[in-house]
Amino acid sequence: MNKEIEDKLLSFYKEDAGNGDITTEALIDDKIVSARIEAREDLVLAGVEECVWLFNYFGVKAESKISDGCTAHKFDKIISLNGSVRAILSLERTCLNLLGRMSGIATETSRCVELVKVINSHVKVSATRKTAPGLKFFDKKAVVLGGGLSHRYDLSDAFLIKDTHRTFMSVSDAVKKCRAFSDKKVECEVESVADAVSAAKAGADIVMFDNMSVDKIREAIEALVKEGLREKVSLELSGGIRPDDFQKYAGLDIDTVSMGYLTHSVRCADVSLEIDV
C-alpha cells in the first residue's frame, strides 16, 4: 500500500475520531481484548487489506481470515483482532464503513458480471468516474475485486470525448486532435449512427453509445460492419444502465457495459464488529 493511500486512511480515522472517543474513555478502562469483524450477509469482500492496515497501525493485531475478492457467508469471521479495547472501539466505525461500502460495491459488481455473462459471455462490466469524492481509489478497487473493470482512473489516463467537448467541434475533428495530442487511447461518446461511423473512421479506439436506444445501437453496429470498421473499434454502452437493463442491451454485439450505478448507488454490505469477552 503506498503512502498516499495510507495517509488517506489515517485521514478517515481522524475525521471520525475528532478529539477522541469520549464515550469509550468515560466508560471503559483500557485493556487487551479479542474481537472480530464478521459478515452479516453473503458478500464479496473488499476493504479487508485497508482495515487490517488501520488496526495494525494503531497497535491492534489484525489478521484477515478471508481475503479481498473472496466470498464471505453470513456469520463468517472476516478479521480477527487482539489489542487495546479503546483502540478497537475508536476504529470500529471507520473500518466498518469502509469495509461495508467497498464490499457492497464488490458484491453488486460480481452480481452484475454474472448476470451479463449469462446473456453474452464476452461482454465486460466497467465502472465509471461517478465515485464518491475522496473515495475513488477504494470504489474502483472494489469494482475490480468484484470482477469488473476500473475504466479511466482519472482524466489523464485516456481520452474520453464527451458531448460537452463535441459542442465545440465535430466528432471527427475531436478524435483527430486527441490522436495528435498523445498516443493514449481515444474513446468517443456518440449519440447517433453517423457519429459512430465518424468516430471509428477518424481512428477512435473505443466508441461509446451514450443513452442510445437499442434500435439505434443496432443500426450503428450494422453501419460499422458495413464500413468494415467493427473489428477496428471496441464498443461500449453507457447511460443510466442498471441490472434490469441487461436483458435489453447485453445481447447486442458490444464489448463493455459501463455503469455509474456500481458506485453512485452502492448499498453498504452488512458487516459487524463483535468483542469476545
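Two strands count as paired if DSSP finds at least two bridges between them. In this predicted model, β1 and β12 meet that condition, pairing in the antiparallel sense over six bridges. Within this pairing, A39 stands opposite V271 in β12.

**The sheet and its helices**

The β1–β12 pair belongs to an open sheet of four strands, ordered β3-β5-β1-β12, with antiparallel pairing. Its edges are formed by β3 (61–64) and β12 (271–276), each of which pairs on one side only. From one strand to the next, the twist averages 20°. Helix α3 (residues 48–57) packs on the sheet and touches β1, β3, β5 (77–84) and β12. The direction of α3 makes about 165° with that of β3. Helix α4 lies across β1, β5 and β12, and runs at about 160° to β12.

**The nonpolar core**

The largest nonpolar core has 90 residues. Those with the most contacts inside this core are F55, I79, L81, V175 and F209. Helix α4 (residues 85–119) gives the most to the core, with 14 residues. For I79, contacts outside its neighbours within four places in sequence include A35, R36 and I37, as well as V48, C51 and V52. The remaining contacts of I79 on that basis are A62, E63, S64 and K65.

**E38 in strand β1**

E38 is found in strand β1 (residues 32–39). Is E38 buried or exposed? E38 has a relative accessible area of 6%, and because buried means under 20%, it counts as buried. The side chains of E38 and R36 are joined by a polar contact of 3.0 Å. Leaving aside neighbours within four places in sequence, E38 is in contact with F75, D76, K77 and I78, and also with D270, V271, S272 and E274.

**Salt bridges**

The structure holds 20 salt bridges. Three of them are listed here, with the distance between the closest N and O atoms.

| Salt bridge | Closest N and O atoms |
|---|---|
| D7 and K3 | 2.8 Å |
| D205 and R179 | 2.7 Å |
| R218 and D215 | 3.6 Å |

D7 and K3 both lie in helix α1 (residues 3–17), where they are four residues apart, about one turn of the helix. D7 is partly exposed at 37% relative accessibility, whereas K3 is exposed at 57%.

What does the salt bridge between D205 and R179 tie together? D205 lies in the loop between α8 (193–202) and β9 (206–210), and R179 lies in helix α7 (residues 171–181), so the pair ties together parts that are 26 residues apart in sequence. Both partners are partly exposed: D205 has a relative accessibility of 27%, and R179 has a relative accessible area of 32%.

R218 and D215 are separated by about one helical turn, because they are three residues apart in helix α9 (residues 214–226). R218 counts as partly exposed at 37% relative accessibility, and D215 counts as exposed at 58%.

Salt bridges that share partners also join R36, E38, R40, E274 and D276 into one network. Two members of this network, E38 and R36, are the residues whose side chains make the polar contact of 3.0 Å, and E274 is among the residues in contact with E38.

Notes. Residues are numbered from 1 along each chain as its sequence is written. This is a predicted model: local features need pLDDT of at least 70, side-chain atom pairs count only at pLDDT 80 or more; totals for chains, interfaces and linings use all residues. Side-chain values use heavy atoms; hydrogens and water are left out. Helices (H or I, at least four residues) and strands (E, at least two) are DSSP runs, numbered from the N terminus. Buried means under 20% relative accessible area, exposed over 50%, partly exposed in between (1.4 Å probe, protein chains only). A polar contact is a pair of N or O atoms within 3.5 Å; within protein, one must be able to donate a hydrogen and the other to accept it, and residues adjacent in sequence count only if both atoms are side-chain atoms. Contact means heavy atoms within 4.5 Å. A nonpolar core is a set of buried Ala, Val, Leu, Ile, Met, Phe, Trp, Tyr and Cys residues joined through side-chain atoms within 4.5 Å. Axes are lines fitted to C-alpha atoms, for helices over the stretch in contact, and angles run from 0 to 180 degrees between N-to-C directions. A salt bridge is a side-chain nitrogen of Lys or Arg within 4 Å of a carboxyl oxygen of Asp or Glu.
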